[in-house]
Amino acid sequence: MLKRIAVADLRIGMYVQEFCGSWMDHPFWKSKFLLNSPQDLQRIQTSSIGELWIDVSKGLDVEAGARASSEAEAQQEVEARLMAAVERRRSPPVVAMDVELDRAAKICARSKQAIISMFSDARMGKALDFGQAESLVEDISDSILRHPSALISLARLKHADEYTYMHSVAVCALMIALARQLGLGEGAVREAGLAGLLHDVGKMAIDQQVLNKPGKLSDAEFSAVRRHPEAGGEILLAGKQVSALVLDVCLHHHEKVDGSGYPHGLQGEQISLFARMGAVCDVYDAITSNRPYKPGWDPAESIRKMAEWKGHFDEAVFQAFVKTVGIYPVGALVRLESGRLAVVLEQNAQSLLVPKVKAFFLVKSKVQIPPVVIDLSKPTAQDRIVGRESAAAWGFENLDELWSGRPQQRARQ
């Protein structure tokens, strides 16, 4: 039986099932373990994690009087938070998804090479080419205008060893789409995109072996990784070409509204709107991406986990972000009322509950069927989503091929 508890109520002998926070919030490369070390207890309590899940069937229960939430109670909270963002109401895409996917793939390839070059310059202490960065933002912004989901979804599909570079492209795209969802002007949209593109440049000051380490980080390594916002700020200040807003996102995209973030422990309105946007976009792409030490979570699972974390994100910004990517984002695996499993292909412009999906599997007989595209917003669909599913639990390894029409990226050896 799982219970969500405050970190303050954690004690030796409990079985840690999962931390309520992103992977950058704590130094543990695994989240499921029996807590039997006072040193590990102290590391958890001094991290920015505020809550976690324990399994009382495998370890100690909470002490009498301590507050704990059941899975059912947590699910109700998440549902209420996500349902507040259901009505989407935005203009439909200018071009078809499959058309923009082709363009977006080329933009992603160009952007990756440009970011590798820019970040290599930063690692060697050379000045960044901000003109090139602004050109990338323009290309990405135009793609998001043509179809908001295409480039955002493709940028999520990256090898673990190219994470740092493609993460910058993905966060740029997410920032642009979120800025438009919030109704910001086009000048601010471009600034948001540039901030997303450069927000992690400070990671170039960190030993690459530490960044890509597949196991548990030492305290010194964890501290080094957490210094990347300040290192990035120093790089951008030295360049003297970016705005205060872009610099602020680089410095503060790991701050949290409850004050438990870093590097300055800002809270609430002390954190700028752009930095609050950067926090949501950075976490979403991080937890949906494969890393050397952990496979990425399903997009729909990631949205639900983020909705569960208390005190991390600005509520208005998070609601706008859910409207941007969907409750069931592109690539999510869902179960339909008809007993079929389907992968989400495209969001509906009016409601997040009725995306376009591709059904390909019968649950009862556990057999694949010829894929069929269903627009759940149409009255003729006669079907609806009844829940999300785990691709890993079902053993599906080709979901990205199903929705994108492109060969699955395999992990490099």
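Reader: What counts as a contact here, and which helices are among those covering the buried residues of α7?
Author: Contact means heavy atoms within 4.5 Å. The model is predicted. In it, the buried residues of α7 include Val189, Leu194 and Leu198. The cover over the buried residues of α7 includes α3 (97–123), α4 (130–146), α6 (163–181), α10 (228–239), α11 (244–252) and α12 (273–288).

Reader: How far does helix α7 reach from its first C-alpha to its last?
Author: Helix α7 runs over residues 186–198 and has 13 residues. At 1.5 Å a residue, 18 Å is expected. The span in the model is close to that, at 19 Å.

Reader: In what order do the five strands of the open sheet lie?
Author: The pairing in this sheet is antiparallel. Its edge strands are β3 (33–34) and β5 (68–70), each of which pairs on one side only. The order is β3-β2-β4-β1-β5.

Reader: Which residue of β3 stands opposite Tyr15?
Author: Strand β2 covers residues 15–19. Strands β2 and β3 pair in the antiparallel sense over two bridges. Opposite Tyr15, in β3, stands Leu34.

Reader: What angle does the direction of helix α2 make with that of β5?
Author: Helix α2 (residues 71–83) packs on the sheet. It touches β1 (2–6), β4 (51–55) and β5. Its direction and that of β5 make an angle of about 80°.

Reader: How is the pair of rings of Phe19 and Phe33 classed?
Author: The structure holds ten aromatic pairs. In the pair of Phe19 and Phe33, the ring centres are 6.4 Å apart. Planes under 30 degrees apart count as stacked and over 60 as edge-to-face. The planes here are at 50°, so the pair is tilted.

Reader: Are Phe19 and Phe33 buried or exposed?
Author: Phe19 is in strand β2 and Phe33 in strand β3, 14 residues apart. Both residues are buried.

Reader: How is the pair of Phe361 and Trp394 classed?
Author: Phe361 is in strand β8 (residues 356–362) and Trp394 in helix α15 (residues 391–394), 33 residues apart. Their ring centres are 5.4 Å apart. Their planes are at 70°, so the pair is edge-to-face.

Reader: Is Trp394 buried, exposed or partly exposed?
Author: Buried means under 20% relative accessible area, and exposed means over 50%. Phe361, at 6%, counts as buried. Trp394 has a relative accessible area of 22%, so Trp394 is partly exposed.

Reader: Over the face of which ring does Lys305 lie?
Author: Arg226 lies over the face of Tyr262, at 4.0 Å from the ring centre. Lys305 is 4.7 Å from the ring centre of the residue it lies over, Trp297.

Methods
Residues are numbered from 1 along each chain as its sequence is written. This is a predicted model: local features need pLDDT of at least 70, side-chain atom pairs count only at pLDDT 80 or more; totals for chains, interfaces and linings use all residues. Side-chain values use heavy atoms; hydrogens and water are left out. Two strands pair if DSSP finds at least two bridges between them. Helices (H or I, at least four residues) and strands (E, at least two) are DSSP runs, numbered from the N terminus. Axes are lines fitted to C-alpha atoms, for helices over the stretch in contact, and angles run from 0 to 180 degrees between N-to-C directions. The expected span of a helix is 1.5 Å times one less than its number of residues. Buried means under 20% relative accessible area, exposed over 50%, partly exposed in between (1.4 Å probe, protein chains only). Rings of Phe, Tyr and Trp (its six-membered ring) pair if their centres lie within 6.5 Å; planes under 30 degrees apart count as stacked, over 60 as edge-to-face and the rest as tilted. A charge sits over a ring if NZ of Lys or CZ of Arg is within 6 Å of the ring centre and within 35 degrees of the ring normal.
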